Amino acid sequence: MIDRRNLGNPLRWYLAAVLLGIALSILQGGVLQKFQIHRLTELLPALGLLAWCYRPQPPDFFRESAISGWYGLGLVGFALTALVGGFLGPVPWISVGFLGLALLIFALLPLLRPAWQRHGPDTLRILALFSLAVLGMDVGLWLVVKANGQVPYALRFGVMADGSTWHVPYLHLNARWANQLPVLLIWSFVPLLQQLQSWEIRRLRPFWWGMCAAIPLMGMAQIVLSNGDGAFAAVAVATALMLLLGLRCAGEQRRLWWTAAAAILAATLLAAMAAWALDGSRFVGGLVERNVREIQQGSDTEGMRLTLWIQNLRAALVAPVWGRGIRAMPPVEGAMCSPHNLWVGLLHWSGVLGTGCALLLARAFVPRGWRELAALPLAAPLLGALFVYQLVDDIWLRPLALAVLLVVLPGLLTADESDSPRQPGWLDGFAFPAVTYRLLALIGVLLISVSVIMPEGVGFGPSPLVMQGRNACLLFF
């Protein structure tokens, strides 16, 4: 029976809306149409959360600081820098759209913190159910498509006897985008495991224990079956971090971290055995070869990681202080439009100044020491995996990944800051109340709307500024 107090949890309904959008996207075969559904799946639930923030509020909402001044300084500094860099760059109105998205997301995070504080255990259980549903759908589609001799994560049409067409169902536009959700969601079983070990969960315990086993198994199956090298490296580093936390902790915390790490290792072994049976283990056999290719500097058309990083860093040197905004589609057939590296992308977008402000934002999600890190079961593996994965891929640009981050990141802001060192007096002006962040989120919606309306903005399909032949930069827009 559902606790009535949790029916008012906005994050519960947010995850339900995102899951519905993901499920509906499977019905659409066209690449651009599916991407449009993914964009709406990101935006509409986020707008719903913003509308929830406009309900009647207590007086503290208008007076007391919602989060530290460092966060406010980082958000305002990044917004101003990205605005300047974007207008001086090659796709100014698309850059404005990206800035609006950043404002909407990062202004919402402090507003969602109270929801996590009030409904944290419920949100973690709903997040676990959401994770298994999404990862299970992806793995299930992969198996069905592969069993029928088709290629997963690819658009294939067929013609029926009556002349109507059908398409092979797929969820993600490519395997690399598919890898991003396991990196974010596979760790949802760790806080669930903590609730079970502490007997916070007393009803349906066999069901929830089964969830703790199924989530890492589905996540690792998705990564191994889709040859997700970057995701595999991120999970490996996060698992090593959990083992290290187990060594540094004692008692129940040690048991939690070692059990969680053992679950990941067992899931990896089972997924590797399944991959061996299904496709001769292309994941294991081609692991070294694929990664050697990625770090080789080839021609401009190969799109390898090292080549992409050098291209984007050279472009960023044109305006190293405030950047050049979002990158336009390179005029080279087969080239890639994103650097596949968070830090290289930020340097191109907002320069050294904007990247420094982004670091001020990031510090709000990172616990101050090992003790605080060990006390937040979702934080350690998620942050470790995010740091590694965004060195080789671009979660920060993809609709479904950003939709998940919007609900996960506020859970890392719930630690008590009452014992934190006093911030400098000049930062008090940036310790905004929640009403200010609500206004900043609304400004973000306005910037997105302006970008949609402008002829050279994001529009309802790929702008000519981010297309080269039949290739399109399907970033957020």
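This is a short dialogue on burial, core and surface in one predicted model.

Mentor: Ground rules come before the questions. Numbering starts from 1 along each chain as its sequence is written, and side-chain values use heavy atoms, with hydrogens and water left out. As the model is predicted, local features need pLDDT of at least 70 and side-chain atom pairs count only at pLDDT 80 or more, while totals for chains, interfaces and linings use all residues.

Trainee: Why is Cys53 called buried or exposed?

Mentor: Buried means under 20% relative accessible area, exposed over 50%, and partly exposed in between (1.4 Å probe, protein chains only). Cys53 has 2% relative accessibility, so Cys53 counts as buried.

Trainee: And what makes Cys357 buried or exposed?

Mentor: Its relative accessible area is 10%, so Cys357 is buried.

Trainee: How many disulfides does a search of the whole structure find?

Mentor: Zero. A disulfide here would be a pair of cysteine sulfur atoms within 2.5 Å.

Trainee: Why does Val321 count as buried, partly exposed or exposed?

Mentor: Val321 has 43% relative accessibility, so Val321 counts as partly exposed. Val321 sits in the loop between α13 (305-316) and α14 (342-362). Helices are DSSP runs of H or I with at least four residues, strands are E runs of at least two, and both are numbered from the N terminus.

Trainee: Which residues form a nonpolar patch with Val321?

Mentor: Val84, Leu88, Trp322 and Leu353 join Val321 on the surface, and together the patch has about 460 Å² of accessible area (Shrake-Rupley method, 1.4 Å probe; for residues, only the protein chains shown count as cover). Patch residues need over 30% relative accessible area and no salt bridge (Lys or Arg side-chain nitrogen within 4 Å of an Asp or Glu carboxyl oxygen). Nonpolar side chains (Val, Leu, Ile, Met, Phe, Trp, Tyr) are joined within 5 Å, like charges within 9 Å.

Trainee: What makes helix α7 largely enclosed?

Mentor: Eight of the nine residues of α7 (residues 189-197) are buried, so the rest of the structure largely encloses this helix. Phe189 and Gln197 are among them.

Trainee: How many residues of α16 are buried?

Mentor: Ten of eleven, so helix α16 (residues 379-389) is mostly covered under the 20% cut-off. Gly384 is one of the buried ones.

Trainee: Which residues does Leu108 touch?

Mentor: Leaving out residues up to four places away in sequence, Leu108 touches Ala46, Leu49, Leu50, Cys53, Leu103, Leu406 and Ala441 (contact: heavy atoms within 4.5 Å).
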